[in-house]
Amino acid sequence: MMSGSTSKQVGSGRRSGNSLQIIATAIAIVCIAIVCVNVHFFYSRVELVGSATSQQDRSSTDSGCGSNNLHDPSPRTARNRDVDFLRFSWEYPEDNNDPDNSVEANSVDAFSASWWQSTAKFVNLGRFEEIGSSSEGASFEIFIDFKDDLRMTRDWLDLGVEHMSKWWKLILGYRKDNSENEAALLESIEDRIVDIFKAYVHSKDRMAFFNSLPVGEEEDEDATSAPALVTKSTIVVIAYWPDSSEKGIWSLAAMLISLIQAGMGRVVVSGYQPSDETIVRQSFSIVTNTTQSWTQQPWTELGYATSANATSGKNMFNVPQAALKRLRHVFENRTSKAVAQCWLGGGGGRSGSGGYERRDKWKYVFFGEQDLLLVTKPDALLGLGQALQDGRILAPHRLQPLPHASDFEGISGMDGEDPGVRLIPNSPPFEDVIEIDAFSVSYNDPSSTSSFDSCCDRGPYKPYLLHPECASFWWMCGYNGMQNNKSLEAIQGIPQVIVAHKRLLGYPFMRLKRGSGVVYASANWGKTCRPQKGLCKKWKRSDNDTTAFNND
């Protein structure tokens, strides 16, 4: 958490009286002609639990079209639990009014530019060769083939991703006057963004998470005694867009270490330009150097592989499409052994033979892009693994960070910024931020189910829908409106910044203590979650008619 922000422990209560008064007045003004009966704030009344036990450090990585040496740590004792999934449908039905059994998520909610499924399912995708020119096709075309098997977790922290690139692009993309002072300010802001990724990569929480993985000596085909082997049997494909900036190199390093801490078996970063590999290997080196002192040796292999035939129409590049097609061809024996080895790893050493001989090792495929940080919990791996074995396609929640002043305090020149233009101000009604400890699980008490914090999905409830549509992503409307000098006059004493960002007023502001640490409020498509202590209960429509929530 950045210093100076007004943060609260999960469930520490409602917003301050002054903030609530401002919010209530703002909502009453900006929701004219809109039925706003459901606008409220859910804050669980809970305590922030203690941090996970920290241990001292050590690691491994790899090089090239091969793999690093594998080293299995000794078995650990860990809690496991079932994972609950949302009631899902490809579309929300028009009569989605059942008080207890409404559809809670649809195909749009499921898009996060990432997914996780079995290799058998991946290879048998009927529409795969027809993936369109957009990068989104790497998700939606796959979803269409198996839409009945799509699943999202009820607790966002069981499986989610922090989506970072829109956050930094919104901050850095705005130019007020192109002055030297603004250029210096933007350089300082970018330095802070790099520092946020560095802090994530170097945090002892990465090692603590990995050391908490429940690992058995031998693979359990049912994943009942060694759920970490679900990740250990997973090959990850990262579709890479070249970014040689320090920010780009460290963001990829952060993505990689988020996968390493979860015990993924192999991560292949796939690009298309000749210079991509040189940039990617800088991120590999960061991860290698960072994990050298971990007390348990990570087994994750890191590799780079070129995406063949990435050009798709009008000289546009579609790396996600090309990378996934190439991996599928590798699994189908449609490439040379050298290409197969580049993707599947191996080639000597402790990892054994390479190329096609390793196809059976990778039972699952995880797809993602370089601007995502994986969010999960060690004790959720059993439930996630069981769902994968049952043929489900898992769609992570896409946690969308918001440019917020509390993450950029102390930067020279920020005082001259207009509030709400580049950053949401750290002042009422936007100053209260709930801190969530995503995996502070007590492994000394296997019977405990309430020693960690969750963020529980609130079903189809999307507060921003209470307001008129805007041309951009809904959560960006306030920024874009103020940056483009649209007429957003103060209404009856309500400041312009509140009127501009009115769509955010129905969302609690949160940050993941053991994640990036930056402020977020929702998923990219408007869903929200309720922070609370303990396991998530099934959502009921009546939950959205209450101004407070107790989970005693």
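# Cores, helix pairs and selected loops

Asn211 is buried, because its relative accessibility is 9%; buried stands for under 20% relative accessible area, exposed for over 50%, and partly exposed for values in between (1.4 Å probe, protein chains only). The structure is a predicted model, in which local features need pLDDT of at least 70 and side-chain atom pairs count only at pLDDT 80 or more, while totals for chains, interfaces and linings use all residues. Residues are numbered from 1 along each chain as its sequence is written, and side-chain values use heavy atoms, with hydrogens and water left out.

## Overall composition

The protein chain has 552 residues, and 63% of them are buried. Its secondary structure comprises 15 helices and 18 strands, taken as DSSP runs (H or I, at least four residues, for helices; E, at least two, for strands) and numbered from the N terminus. Among the contacts in the chain with a separation of 6 or more, 81% are between residues 24 or more positions apart; a contact requires heavy atoms within 4.5 Å.

The largest nonpolar core holds 81 residues. Such a core is a set of buried Ala, Val, Leu, Ile, Met, Phe, Trp, Tyr and Cys residues joined through side-chain atoms within 4.5 Å. Trp116, Trp167, Ile189, Leu259, Leu384, Phe408 and Tyr520 have the most contacts inside the largest core. Helix α9 (residues 246-260) supplies the largest share of this core, 10 residues. Separate from it is a second core of 35 residues, including Leu86, Leu125, Cys342 and Ile393.

## Two helix pairs

Two packed helices are described by the angle between their axes and the distance between the axes. Here the axes are lines fitted to C-alpha atoms, for helices over the stretch in contact, and the angles run from 0 to 180 degrees between N-to-C directions.

Helix α9 packs against α6 (residues 180-202) at an angle of about 25°, and the two axes are 9 Å apart. The pair is therefore roughly parallel, where angles under 35 degrees count as roughly parallel, over 145 as roughly antiparallel, 65 to 115 as roughly perpendicular and the rest as oblique. The crossing of α6 past α9 is left-handed: a crossing has this hand if the near helix is turned anticlockwise from the far one by less than a right angle, and is right-handed if clockwise. On the α6 side the contact involves residues including Ile193, Val194, Phe197 and Val201, and on the α9 side residues including Trp250, Ala253, Ala254 and Ile257.

In the second pair, the axes of α11 and α12 come within 10 Å and cross at roughly 115°. α11 also passes α12 in a left-handed crossing. The contact is formed by Ala323, Arg326, Leu327, Val330 and Phe331 of α11 with Val339, Ala340, Trp343 and Leu344 of α12. The loop between α11 (319-331) and α12 (337-344) contains Asn333.

## Backbone exceptions

Most residues other than glycine have a negative phi, and most peptide bonds are trans. Asn333 has a positive phi of about 65° without being a glycine. Ala113 likewise has a positive phi, near 60°; its place is the loop between α2 (107-110) and β3 (115-118). The peptide bond from Pro428 to Pro429 is cis, with omega near 5°, and Pro429 lies in the loop between β13 and β14.

## Individual residues

| Residue | Relative accessible area | Class |
|---|---|---|
| Ala113 | 5% | buried |
| Thr153 | 2% | buried |
| Asn333 | 40% | partly exposed |
| Val497 | 12% | buried |

Asn211 belongs to helix α7 (residues 204-211). Its side chain and that of Thr295 are joined by a polar contact of 2.8 Å. A polar contact is a pair of N or O atoms within 3.5 Å; within protein, one must be able to donate a hydrogen and the other to accept it, and residues adjacent in sequence count only if both atoms are side-chain atoms.

Thr153 sits in the loop between β4 (150-151) and β5 (159-163), and its side chain reaches the backbone oxygen of Asp155 at 2.8 Å. Not counting residues up to four places away in sequence, Thr153 touches several residues, among them Leu86 and Leu384.

Asn426 is in the loop between β13 (397-401) and β14 (432-436). A polar contact of 3.0 Å links the side chains of Asn426 and Glu409. The C-alpha atoms of Asn426 and Asp407 are separated by 9.2 Å, with their positions 19 residues apart along the chain.

Val497 is part of helix α15 (residues 496-500). Its C-alpha atom is 5.4 Å from that of Gly420, although the two residues are 77 residues apart along the chain. Leaving aside neighbours within four places in sequence, Val497 is in contact with Pro419, Gly420, Pro425, Phe430 and Met482.
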